[in-house]
Amino acid sequence: MFIRPLATFALAVALLLPAAVLAQDRGPTLTEITEAWLASPHADRSAEAFTHWDEDGEIPGRCAVCHSSTGVLDYLQGPMETVGAIDHPVGIGTVVSCATCHSSAAANLDSVPFPSGVHVTLERGSAVCAVCHQGRAATGTVNAAIGSGEPDTVSADLGFINSHYALSSAAQQGSAVHGGYEYPGRRYAGPYAHVPEFNTCVSCHRPHSLEVNLASCTSCHENADSFAAIRTSPLDYDGDGDTSEGITAPIATLHAQLGEAIALYAAEVAGTPIVYSTGSFPYFFIDTDGDGAVSEGEDAYPNRYQSWTPRLLRAAYNYQFVAQDGGASYSHNPHYALQLLYDSLADLSESVAVDLSMLTRP
């Protein structure tokens, strides 16, 4: 792997940056900008996000858009007809480089297509971020899979639908793009807006390191000593009587309750115990020993869960959707996350015992 000396790399970056971008970043020096990017996940050449296809020698078009600078530039410069995909593979060995976000195609991007088929107009500072941070499925994806099947009947045709990863833009847009599974007849929160000066991705995330500075939040959230301590509503969503705790707490409570309800439903209705493994695809596996935990060897692909019913699949999709966006619990769209969790619990309660009496839906 060829690594440029920092000074040479910085010069290359400078040649890529349009004058407007340099003016925007005139606070830190070019060396500081480069070092921040080099330390970010976007530049981590050893990450699974960029090395997964090394043995294959190329990245397929359905993955290349978000896992290579070549792929995303081809996508932005093309018709963007298939959401998040191009019609050809690209070579391995690239990351999310400077040219990715500082190209003319990225600068002119304002309308971004999402997996639901909806196109959303976004400001510069969010549009190019949303190209990749939107997940790869939506309500319609799940509905197309389950069709008209009976809600509690196991179907061999069903498999887990993964919302994919780092889906912050889909969470932030809420019902505008239907990234979570939205149950029929229920209303869902739309785009989650902060005050005007904190309403784009880069107004909260440092554009090169991607870090979020807590100090930018505490001018309003004065008593917050961490992101988890930020509270965005006075309502007691989880019924514990504490409305001063961060909004992350009720989201975590409902998420845990949904995990328990999924396990109960899988055992009692689907007839096969289930267990969730955070870091192993496809995340839901057969709980072979029925102990409610991931035992050695259980989170292997051949042991993937295959006793899906439409009702179980809907709930599992939302469980994963919330799990894959940590920011939903304090900034991206906490009310949308709570609604998805509550409605999944309510749907499961039609078939197994789930106590909703202490919960409040936003």
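**Exercise 1. Work out whether R206 is buried, partly exposed or exposed, then do its salt-bridge partner.**

Step 1. This is a predicted model, so every value here is computed from predicted atoms. R206 has a relative accessibility of 41%. Buried means under 20% and exposed means over 50%, with partly exposed in between. R206 therefore counts as partly exposed.

Step 2. Who is the partner? The side chain of R206 meets that of E211 in a salt bridge, 3.4 Å from N to O.

Step 3. Run E211 through the cut-offs too: at 45% relative accessibility, E211 counts as partly exposed.

**Exercise 2. Find which parts of the chain the R311–E350 salt bridge ties together.**

Step 1. Start with the contact. The closest N and O atoms of R311 and E350 are 3.4 Å apart.

Step 2. Now place both ends. R311 sits in helix α15 (residues 310–323), while E350 belongs to the segment after α16 (334–348), so the bridge ties together parts that are 39 residues apart in sequence.

Step 3. Check the cover on each end. R311 has a relative accessible area of 5%, so R311 is buried. E350, at 61% relative accessibility, counts as exposed.

**Exercise 3. Take the salt bridge between D347 and R314, and say which network the two residues belong to.**

Step 1. Here the closest N and O atoms are 3.0 Å apart.

Step 2. D347 is in helix α16 and R314 in helix α15, so this pair links distant parts of the chain, 33 residues apart.

Step 3. Both D347 and R314 are buried.

Step 4. Put the pieces together: D152, R311, R314, D347 and E350 are linked in a network of salt bridges. For the whole structure, the tally is seven salt bridges.

**Exercise 4. Describe how the rings of F281 and Y283 meet, and how covered each residue is.**

Step 1. There are 13 aromatic pairs in the structure. One of them joins F281 and Y283, with 5.9 Å from centre to centre and 85° between the planes.

Step 2. Planes over 60 degrees apart count as edge-to-face, so that is the label for F281 and Y283.

Step 3. Compare the cover. F281 counts as partly exposed, at 48% relative accessibility, whereas Y283 counts as buried, at 6%.

Step 4. Zoom out. Ring pairs link F281 and Y283 into a cluster with F160, Y165, Y276, F284, Y305, W308 and Y319.

**Exercise 5. Find out where Y165 lies and which surface patch Y165 helps to form.**

Step 1. Y165 is in the loop between α10 (139–146) and α11 (168–173).

Step 2. With a relative accessibility of 30%, Y165 counts as partly exposed.

Step 3. Together with F281 and Y301, Y165 forms a nonpolar patch on the surface, and the three share about 310 Å² of accessible area.

Step 4. Stay in that loop for one more residue. T153 also has its place between α10 and α11, and T153 counts as partly exposed at 43% relative accessibility. T153 is 116 residues from V269 in sequence, yet their C-alpha atoms are 8.5 Å apart in space.

**Exercise 6. Explain why the buried residues of helix α3 line one face.**

Step 1. List them: in α3 (residues 30–38), the buried residues are I33, T34 and W37.

Step 2. Look down the helix axis. The buried residues of α3 fall within an arc of 95°, so they line one face of the helix.

Step 3. The general rule helps: an α-helix has 3.6 residues a turn, so residues three or four places apart point the same way.

Methods. Residues are numbered from 1 along each chain as its sequence is written. This is a predicted model: local features need pLDDT of at least 70, side-chain atom pairs count only at pLDDT 80 or more; totals for chains, interfaces and linings use all residues. Side-chain values use heavy atoms; hydrogens and water are left out. Patches are made of residues with over 30% relative accessible area and no salt bridge: like charges are joined within 9 Å, nonpolar side chains (Val, Leu, Ile, Met, Phe, Trp, Tyr) within 5 Å. Accessible areas come from the Shrake-Rupley method with a 1.4 Å probe; for residues, only the protein chains shown count as cover. A salt bridge is a side-chain nitrogen of Lys or Arg within 4 Å of a carboxyl oxygen of Asp or Glu. Helices (H or I, at least four residues) and strands (E, at least two) are DSSP runs, numbered from the N terminus. Buried means under 20% relative accessible area, exposed over 50%, partly exposed in between (1.4 Å probe, protein chains only). The arc is that of the directions from the helix axis to the C-beta atoms. Rings of Phe, Tyr and Trp (its six-membered ring) pair if their centres lie within 6.5 Å; planes under 30 degrees apart count as stacked, over 60 as edge-to-face and the rest as tilted.
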